[in-house]
Every structure is written in structure tokens, then in C-alpha cells.
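Colleague: Could you open the model and take me through a few places in it? I'd like to start with how some of the helices pack.

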Amino acid sequence: MPRTAPPLLPPFSRPPSRVAIRRVTSYQSDLSTLLYETVSEFALPVRGRTVLLKPNFVGSDPLGMMNTHPALIAASRETFLRLGAERVLIADGPAMDRDTRAIIESVHLREYVGPLSRVFVDLNVDDVERTVLRTHASRLRELYLPKTLLAADFLVSLPKLKTHHWAGVTLSLKNMFGVVPGSCYGWPKNILHWAGIDRAILDINAAIRPNFAIVDGIIGMEGNGPIQGTLKRCGTVICGDDPVAVDATCARVMGLRPDKIKHISRAATLLGHMQAEKIQQIGDTIDQTCNPFAVLEAFQYLRQKPAARPSNVN
Amino acid sequence: MNDIRILEDKSASAFVHQECLPYLRQSQNIDGGWGFLAGKDSRVEPTAWATLALSEYCQGNEIQDALSKAIGFFQNLQLADGSWAASPSQLRGSWVTSLACWALLASGTETENLTAGLRWLQEDRPGDSGRWWRMLRRLATNRNISRQSDSYYGWSWTPGTASWVEPTSYALLVLRSLPEAALSTEMQSRIRIAKQMLYDRMCPGGGWNCGNPMVYGVAGEPQVTPTAFALLALLESSSRSEIEESLNWLEKNSVTVASPTSNALTNIVLHVFGRQIATPAHALSHNRVQDDISWSIPEAGWVALSLSSKQHWLNLKCSSVRL
């Protein structure tokens with residue numbers, strides 16, 4: 001049975017969110033244990049359910065700075081299986097290359113996850129269903145979305161920590177562009193750009209409501225991201241059950257102001273918390289992990305001095 | 001060397017006739033269409049690639065029967081304005097109209113469905129072709145972020161959005177089947193502008209990608225699919241240096257390619273431009289046996305097309321339509 005989308009609530013009527021920051025030195029670390037311990041703290045309702053992990057696959061990436069690393073994907077999959085999920089799928093619809101097979105071969109996904117036939121779904125070519133959008137921030141009124149995505153009980157956004165030359169940053173909210181099928185809208189999914197990237201991000205996330213986010217910040221990308229930027233070692237994994245709060249925290253870790261990032265501040269009106277005082281921090285603190293990312297000249301305004309730090313509850 | 005070539009031809013023929021074509025025939029849905037994967041809902045794009053592949057090897061009643069059903073699928077799904085939508089439940093036509101026309105032409109169906117489809121292509125203009133849009137672009141503060149000329153346009157993926165390499169290439173490939181005398185001066189001019197757009201969007205050093213060729217002064221990386229279709233669309237201009245550069249990139253890149261789509265499309269292009277193919281039939285066959293992911297219908301279609309020695313699908317002629 002498809003999951004019920006959580007209600008759209010303004011910040012004043014939603015409880016505080018929790019975001020965990022974990023320092024991780026490399027992809028060779030024991031990610032499975034770290035993620036299991038961290039995600040367990042959220043008591044997620046995944047037992048007996050189908051969980052869909054949505055990584056960010058972009059293209060060939062020899063330096064490992066563009067795509068969500070397969071080690072983190074495999075550890076996430078193992079975590080949700082250990083938490084009792086009946087099935088954990090990995091699904092993405094890359095926006096910049098229709099040869100998804102070439103991308104998953106180039107990132108060696110099979111070597112980390114095992115046989116892919118029953119595990120991986122190419123959302124670009126999945127069967128689709130008309131979905132009326134719940135918000136009208138952009139001029140989009142409906143989207144044809146993959147049935148596998150709509151049928152999943154629990155959706156996890158699994159992006160890479162990167163800057164983005166149009167949106168400022170690309171994190172768990174922007175990662176949801178990948179669920180819009182290329183087989184209906186092309187490569188790139190240009191209809192989303194024409195509708196306004198920032199506004200379309202709100203509309204898509206309000207429609208499909210990712211339940212959880214795990215951001216691969218072990219190695220990220222700074223500067224001219226999301227493809228042509230520079231490798232940035234950040235050494236963190238950031239996760240939580242409010243994607244807006246996760247992205248706001250990621251922005252702070254990147255030394256950026258979330259309230260200046262249009263799609264985060266727009267999403268904060270209905271989907272989650274951006275304000276630091278509404279985010280309870282678990283694990284490491286932003287001060288301990290903040291590692292400013294270089295941004296393009298056009299995005300220097302994001303780098304202003306951040307506001308108050310969130311409280312640490314651990 | 002000749003012996004190797006004969007063995008390879010035999011291997012290709014066996015692989016196509018024993019693997020690819022039966023897989024395509026068996027994957028056809030009751031409505032005559034194909035889904036992107038066997039057993040999935042019928043869609044125009046995979047149906048077009050399956051039809052092109054089966055038409056290329058059109059022998060025997062089984063294939064004829066499959067093609068007849070496919071033609072019925074296209075006829076049933078055509079929208080009132082002559083276009084086809086990417087998914088049957090969508091109400092607006094898109095780039096798949098080029099592919100549907102191409103498939104109808106390949107199956108020998110020069111009916112009013114084909115005429116209406118080509119007329120829609122003639123009328124369809126991308127969002128970046130209008131004067132108003134260009135004026136706004138000139139005033140935009142971010143106009144210099146990506147390097148491209150706003151003077152050129154081709155075809156878009158979906159109505160009202162920008163021109164992109166692949167949909168433009170598909171439109172050019174199907175329009176190439178019409179003799180020049182069947183095209184109005186305006187249409188001939190539009191085709192010229194679309195070809196200029198393709199050259200303008202080439203990545204520095206050759207090849208094309210799904211995005212912008214250069215953003216913030218950094219060159220984009222080419223990709224196989226857009227490069228292959230852009231090269232096929234520009235086949236008549238094979239003497240230009242841009243074509244040579246792009247073929248060189250495709251040839252060099254083929255060493256690292258590990259997917260049936262990229263292998264097949266690379267082979268098609270290298271073959272029609274007279275270069276040595278990169279992935280022999282036995283390697284494609286071996287990959288299919290080893291693969292733990294089912295081939296998609298377009299993948300199977302492209303592999304079958306890549307192993308055709310005739311390449312009829314790239315040399316179709318349409319005699320009944322004037323634009």
C-alpha cells in the first residue's frame with residue numbers, strides 16, 4: 001500500500017527536528033555500524049516495509065566526488081534491512097545521461113551491493129503515474145512519476161554534499177529531481193528548469209515527501225558543482241528525518257547560510273525546519289565539522305556569517 | 001583477416017536472430033507496443049526502437065505480424081494534433097513524435113499518420129526560438145554563464161522548453177528522409193539552423209552531452225548517446241573537422257565503455273562513418289549472458305541495429321509528404 005504523504009505544515013506548528021552529524025574519515029570506515037547506530041536513534045517505522053533509497057548518480061566519476069558513494073549506499077541498504085525492512089530498493093533517474101547502466105557500472109555499484117537485478121530500478125524508464133502536485137510554487141500542476149517510487153512505503157534521499165551552479169547547493173531536496181523520469185521529460189529534465197529550479201524543488205518534495213535523508217559528505221564537491229567542481233574532503237555523514245533540516249545543517253557545515261539558499265528557505269515554509277533553534281543536533285556539532293566550501297562568485301552572498309548555532313542534545 | 005570477418009558476421013547474425021529479435025518479439029504487449037522493459041506498460045519510445053530494429057530484419061510472418069501490431073499501436077496513440085506523447089496517459093505530444101514517424105517510415109507505413117506527425121514536427125517550436133525569449137535572454141544577468149549562441153534552435157524534449165541535442169538530432173534524422181524538393185524554403189532554413197545549433201552545442205574537443213557544452217568557462221564532458229545521435233544527424237557533413245573530432249572522441253571513449261547502449265550506439269556510428277567497430281558481436285553476446293540486469297527494449301533494439309550490415313534505418317526515403 002503506498003505511503004501516506006505527511007501533511008504540509010508551517011514551521012510554527014511542527015515539532016523540532018533532529019539531525020545527526022557523524023564524522024567519518026573514509027569510505028573504508030565501518031559505515032554499516034555507524035549508520036545502523038545513528039539511524040536506530042530515529043525509531044523509523046520501516047519494519048516489514050519497502051524502503052526506496054534514492055542516491056545521486058550523475059556520471060562517470062573517477063575521483064568519487066560527483067555520485068553518492070556505493071559504500072554508503074550499501075551501508076544504508078544494510079541498515080534498513082537490519083531495522084526490519086522487508087525490501088530495500090536502490091533507484092535513481094540520472095538527469096544528465098540516459099545511459100544509467102553505464103553510470104552504475106562506472107561507480108561499481110554491483111561490487112558493493114551484489115547482484116542488481118532485483119535491487120536497482122532505473123526511475124527514468126519505470127512505468128509512470130499521473131501525480132497532481134500539492135503545491136503550486138512553480139507553474140507545474142502535475143508530473144508523471146515512477147510507479148516504483150509512488151508504491152514505496154519509505155523514501156530515503158541519499159545525496160552527495162555538493163555545490164550547484166544554478167541552485168547554490170544540491171542536497172537531499174534537490175536530489176529529488178532524479179525521480180522525475182527522463183522518459184517523459186528528457187535529459188536533462190528541462191521542464192523543471194523552465195518551471196524555476198527553486199520552485200520546482202518545493203513542488204516535487206511536497207508531492208513525494210522523502211521520509212529520511214542521509215547525505216554523503218565524506219567526499220563532496222565545491223566550486224562549480226554539481227559536475228565540474230573540485231573535490232572537497234569534508235569527512236561527514238549527515239542524516240535526519242526532516243530533509244529541510246538536514247539540508248540546512250549541511251549548508252551550515254559547508255559554511256553557507258541556509259536562509260540565503262532559495263530552495264531551502266522556500267521548502268522551510270511547508271516541509272520542515274531551517275531555523276537552527278528548531279533543529280536538535282545529534283552526534284558531532286556544526287562547530288566541530290564546519291568545513292567551508294568554495295563557491296562561485298555568483299554565490300558569494302551565501303557565505304555570510306551564519307546565525308545562531310543549534311543546540312547539541314548529545 | 002577475412003576469415004575473422006566472416007566468423008564475426010556469422011556470430012552477429014546468430015546473435016541477432018537467436019537472441020535480440022526473439023527477445024523483442026516476445027516482449028511485445030497485447031496492445032502492439034513495448035514498454036521500456038519486458039512486461040512494462042507500452043510507451044512510444046521503446047515501441048519505436050523495437051519497430052526500427054524489427055523492420056531492419058523484416059523477414060518471416062512473425063516479424064511482419066509484430067510490425068502490424070506496432071503500427072496499430074502508433075495509430076491508436078496518435079493525438080489529434082498529429083503528435084505522440086511520451087506516455088500514453090500524457091495529453092501533450094513531445095520529442096517521441098520524431099521517433100514514431102521514423103518507426104512508421106521504417107515499417108513502410110506512409111499514411112496520414114506519418115504526414116500528420118511530420119506536420120506537427122514542422123510546427124513544433126522550442127521555447128528558446130521566440131523573439132521574446134531571446135530579448136529576455138539578452139537582458140538576463142546570467143546570460144554568459146553557459147557558452148552558446150541564442151541564434152540557433154532545434155527541437156525540445158517537451159513543448160515550450162529549450163532546444164537540446166538529442167531531440168534535435170531525432171527530428172533531423174527523420175526529416176532527412178524527405179527529398180529537398182519536398183521541403184519548403186522555411187523548412188530547409190529551419191533544418192540548417194538546427195544543424196548549426198548542433199555544431200554550436202558541441203563540447204570543446206568533440207562530442208556532445210545532455211547539458212551545456214561549457215558552464216562558467218569549464219568544458220563539459222561528452223557522452224555517448226547524444227554524441228552518437230548528433231553524428232548520425234550530421235552524417236552528410238562528414239568532412240567537417242567537428243565530425244572528425246567527435247568520431248575520435250567516440251573511438252577513444254569506446255575502450256572504457258561498459259554498457260550495451262553505449263557499445264551499440266558507438267558501433268553504429270563508427271560503422272556508418274567507415275571506421276573500425278569497437279565492440280565485436282561476440283563481446284555483445286557475451287555481455288548479455290553475463291548480465292544480471294535484463295536488457296531494456298531500446299538496448300536490445302540498438303544492439304540489433306548495430307549488428308545490421310545494411311543500416312537501412314538510416315537511409316529511409318519518404319515520397320508522399322511535403323512540408
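Colleague: How do the axes of α4(B) and α7(B) cross?

Modeller: Keeping in mind that this is a predicted model, the axes of α4(B) and α7(B) come within 8 Å and cross at roughly 30 degrees. That angle makes α4(B) roughly parallel to α7(B), and the crossing of these two helices is left-handed.

Colleague: Which residues make that contact?

Modeller: From α4(B) there are B:S98, B:L99, B:C101 and B:W102, and from α7(B) there are B:Y170, B:A171, B:L173 and B:V174. By class, the contact of α4(B) with α7(B) divides into 7 nonpolar residues, 1 polar residue and no charged ones.

Colleague: And at what angle do α4 and α5 of chain B pack?

Modeller: Helix α4 of chain B, residues 96–106, packs on helix α5 of chain B, residues 112–123, at an angle of about 150 degrees, and their axes are 9 Å apart. Here, too, α4(B) passes its partner α5(B) in a left-handed crossing. On the α4(B) side the contact is made by B:T97, B:S98, B:C101, B:L104 and B:L105, while α5(B) brings B:N113, B:L114, B:G117, B:L118, B:W120 and B:L121. By class, the contact of α4(B) with α5(B) has 7 nonpolar, 4 polar and no charged residues.

Colleague: Back to α7(B) for a second, what does the crossing with α9(B) look like?

Modeller: Helix α7 of chain B, residues 165–175, and helix α9 of chain B, residues 224–233, have axes that come within 8 Å and cross at roughly 30 degrees. Because of that angle, α7(B) is roughly parallel to α9(B), and the crossing of α7(B) and α9(B) is left-handed.

Colleague: Which residues meet there?

Modeller: In α7(B) they are B:V165, B:E166, B:S169, B:Y170, B:L172 and B:L173, and in α9(B) they are B:T225, B:P226, B:F229, B:A230, B:L232 and B:A233. By class, the contact of α7(B) with α9(B) has 9 nonpolar, 2 polar and 1 charged residues.

Colleague: Switching to empty space, how many cavities of 30 Å³ or more are there?

Modeller: The structure holds 1 cavity of 30 Å³ or more, and the volume of the largest cavity is about 30 Å³. Its lining takes in A:W187 from chain A together with B:W157, B:W164, B:V165, B:E166, B:N209, B:C210 and B:P226 from chain B. By class, the lining of the largest cavity has 6 nonpolar, 1 polar and 1 charged residues. Among the lining residues, B:V165, B:E166 and B:P226 also take part in the meeting of α7(B) with α9(B).

Colleague: What is the peptide bond after A:W187 like, cis or trans?

Modeller: A cis peptide bond joins A:W187 and A:P188, with omega about 0 degrees, and A:P188 is found in the loop between α6 (182–185) and α7 (190–194) of chain A. The peptide bond from A:G225 to A:P226 is also cis, with omega near 10 degrees, and A:P226 sits in the loop between β10 (212–222) and β11 (230–240) of chain A. As background, most peptide bonds are trans.

Colleague: What about phi at A:A43, positive or negative?

Modeller: Phi of A:A43 is near 45 degrees, a positive value in a residue other than glycine, and A:A43 lies in the loop between α1 (31–40) and β2 (50–55) of chain A.

Colleague: Last one, what volume does the second largest pocket have, and what lines it?

Modeller: The second largest pocket has a volume of about 790 Å³, and of the 36 residues that line this pocket, the closest to its centre are A:F120, A:D122, A:V125, B:L37 and B:I293. The elements that give two or more residues to the lining are β3 (87–92), α3 (100–106), β4 (120–122) and α5 (147–151) of chain A, together with α13 (297–306) of chain B. By class, the lining of the second largest pocket divides into 17 nonpolar, 8 polar and 11 charged residues.

How values were computed: Residues numbered from 1 in each chain as written. Chains lettered and ligands numbered in written order. Predicted model: local features only at pLDDT ≥ 70, side-chain atom pairs only at ≥ 80, totals over all residues. Heavy atoms only, no water. 1 Å grid on protein atoms, 1.4 Å probe; cavity = no way out; pocket = protein on both sides within 12 Å on 5 of 7 lines; lining within 4 Å. Points joined across faces, edges and corners; volume = space filled by probe spheres on them. Nonpolar A, V, L, I, M, F, W, Y, C, P; charged D, E, K, R; others polar. Axes fitted to C-alpha atoms, helices over the stretch in contact; angles between N-to-C directions. Helix = DSSP H or I, 4+ residues; strand = E, 2+ residues; numbered from the N terminus. Parallel < 35°, antiparallel > 145°, perpendicular 65-115°, else oblique. Left-handed = near helix turned anticlockwise from the far one by under 90°. Contact = heavy atoms within 4.5 Å.
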